[in-house]
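Work through the following exercises with the sequence and the model side by side. Each task is followed by a solution that goes step by step.

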Amino acid sequence: MFSPADQQHMTEALRLAEKGLFTATPNPRVGCVIVRDGETVGSGWHEKTGEPHAEVLALRAAGVRARGATAYVSLEPCSHQGRTPPCVDALIEAGVARVVGAMQDPNPRVAGGGFARLRAAGIQVESGLMQDEARALNIGFVSRMSRGRPWVRMKIAASLDGRTALANGRSQWITGPEARRDGHAWRARACAVLTGVGTVNSDDPQLNVREVETARQPLKVVVDSRLQLPLSAKLLQSGKVLVAAAVEDKAGIAALRDKGAEVVVLPNPLGKVELTGLMRELARRELNEVHVEAGFKLNGSLLGEGLVDELLIYLAPSILGDGACGMFGLPELADLAQKRLVQFTDVKTIGGDIRILARVVD
């Protein structure tokens, strides 16, 4: 169905899409290549919300050479009026003869409608080329559109024996500088960095991106059931902060708002923050990827409620012993059949540490 040339051009479209890794949110990362008679005549990628989409930029670059050409796009062209006009209209008007898409847009406002309109206009449409790669690039957008919640990636820095902090809560620094820099790159691609008030009290993190260049800082989210976040916390000194609480403490809420933070109250029956509700709230705010850097208690709660999609674990060449804190605060298992499964997707050395990427098996 697809030729080696098709594969080559879609690879280029995906490479372009990746340029929006840190900036395109809440929109998907999309790249487009226009090819005529085997020659690339135009290309583009979507940089950020409100600016032209990849197809429009590629068509502008191609000009009249787009007529009769093939457009390779990493995501189905949009067919609705959003912050910008529909891309299908631009493709039809430009007179392209063929559109090759990597995957269908999971947005219910599109969801095949873009391809259908192109076909109705007499344009040859084919989709599914390098679909897995395209989906991985926009895993958060797909999650938000299809499940109503962000993709949750949990970062953990641990010793070789799986210990994340000393018994007193101190955890800075278990891993080396290279691993920390790599972790900041993962922070930079996320829409939000989430932690618990316990981690704030123990480490007083800034929770921002510092080790790599970024044009955008993610939202800082703190799970703080009883509104115990210190007003002197470093994370309150800059950037946007959202505090998720479980109590309607008017004085505490007012104090945090005076520091520039926003507070949402989402209690569960046990007087804790309703974590599933929090994820729905983050999706409502158009957050695609959430990067968790928390302690073992919140880690365990998120995992136990089925809200963790991916683990980003850095293992240091050190041993802290049984007295130190583990990765997850979970109930004791009575049988190995109750164990939680993960699937390793990538293992590599980062500096002196080992980085493991693993998907949580549903």
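A residue is called buried when its relative accessible area is under 20%, exposed when that area is over 50%, and partly exposed in between (1.4 Å probe, protein chains only). Helices (H or I, at least four residues) and strands (E, at least two) are DSSP runs, numbered from the N terminus. The model is a predicted one, in which local features need pLDDT of at least 70 and side-chain atom pairs count only at pLDDT 80 or more, while totals for chains, interfaces and linings use all residues. Residues are numbered from 1 along each chain as its sequence is written, and side-chain values use heavy atoms, with hydrogens and water left out.

**Exercise 1. A covered strand and its neighbours**

Determine how many residues of strand β9 are buried, and find the bridge partners of V222 and L242.

Step 1: β9 spans residues 241–245, and 5 of its 5 residues are buried. Cover is present on both faces, with V241, V243 and A245 buried on one side and L242 and A244 buried on the other.

Step 2: Two strands pair if DSSP finds at least two bridges between them. Strand β8 (residues 219–223) runs parallel to β9 and is joined to it by 4 bridges; V222 has V243 as its bridge partner in β9.

Step 3: Strand β10 (residues 262–265) is likewise parallel to β9, with 4 bridges between them, and the partner of L242 in β10 is E262.

**Exercise 2. An open sheet and its helices**

State the strand order of the open sheet of 5 strands, and identify which helices lie across its strands.

Step 1: The order is β2-β1-β3-β4-β5, and the pairing is mixed. The edge strands, each of which pairs on one side only, are β2 (39–45) and β5 (124–127). From one strand to the next the twist averages 15°, where axes are lines fitted to C-alpha atoms, for helices over the stretch in contact, and angles run from 0 to 180 degrees between N-to-C directions.

Step 2: β1 (residues 31–36) pairs with β2 in the antiparallel sense over 6 bridges, and V33 stands opposite S43 of β2.

Step 3: Contact here means heavy atoms within 4.5 Å. Helix α1 (residues 4–17) lies across β1, β2, β3 (70–73) and β4 (98–101), and runs at about 145° to β1. Helix α4 (residues 113–120) lies across β4 and β5, at about 150° to β5.

**Exercise 3. Helix α6 and its surroundings**

List the buried residues of helix α6, and say what covers them.

Step 1: In α6 (residues 139–147), the buried residues are I139, G140, F141, V142, S143 and R144.

Step 2: Their cover includes α5 (131–137), β6 (151–159), α10 (275–284) and β11 (289–292).

Step 3: The helix is followed by G148, which has a positive phi near 75°.

**Exercise 4. Salt bridges between distant parts of the chain**

A salt bridge is a side-chain nitrogen of Lys or Arg within 4 Å of a carboxyl oxygen of Asp or Glu. Count the salt bridges that this rule gives, then describe the pairs formed by R147, E293 and R359.

Step 1: The count comes to 19 salt bridges.

Step 2: R147 pairs with D309, their closest N and O atoms being 2.9 Å apart. Because R147 lies in helix α6 and D309 in the loop between α11 (296–304) and β12 (310–316), this pair ties together parts that are 162 residues apart in sequence. R147 is partly exposed, at a relative accessible area of 41%, whereas D309 is buried, at 7%.

Step 3: E293 and K155 meet in a salt bridge of 3.8 Å, N to O. This pair links distant parts of the chain, with E293 in the loop between β11 and α11 and K155 in strand β6, 138 residues apart. E293 is buried at 13% relative accessible area, and K155 is buried at 16%.

Step 4: R359 and E310 form a salt bridge of 3.5 Å, N to O. R359 lies in strand β14 and E310 in strand β12, so the pair ties together parts that are 49 residues apart in sequence. R359 is partly exposed, at 29% relative accessibility, while E310 is buried, at 6%.

Step 5: R359 and E310 also belong to a network of salt bridges that links R29, R153, R189, E289, E310 and R359.
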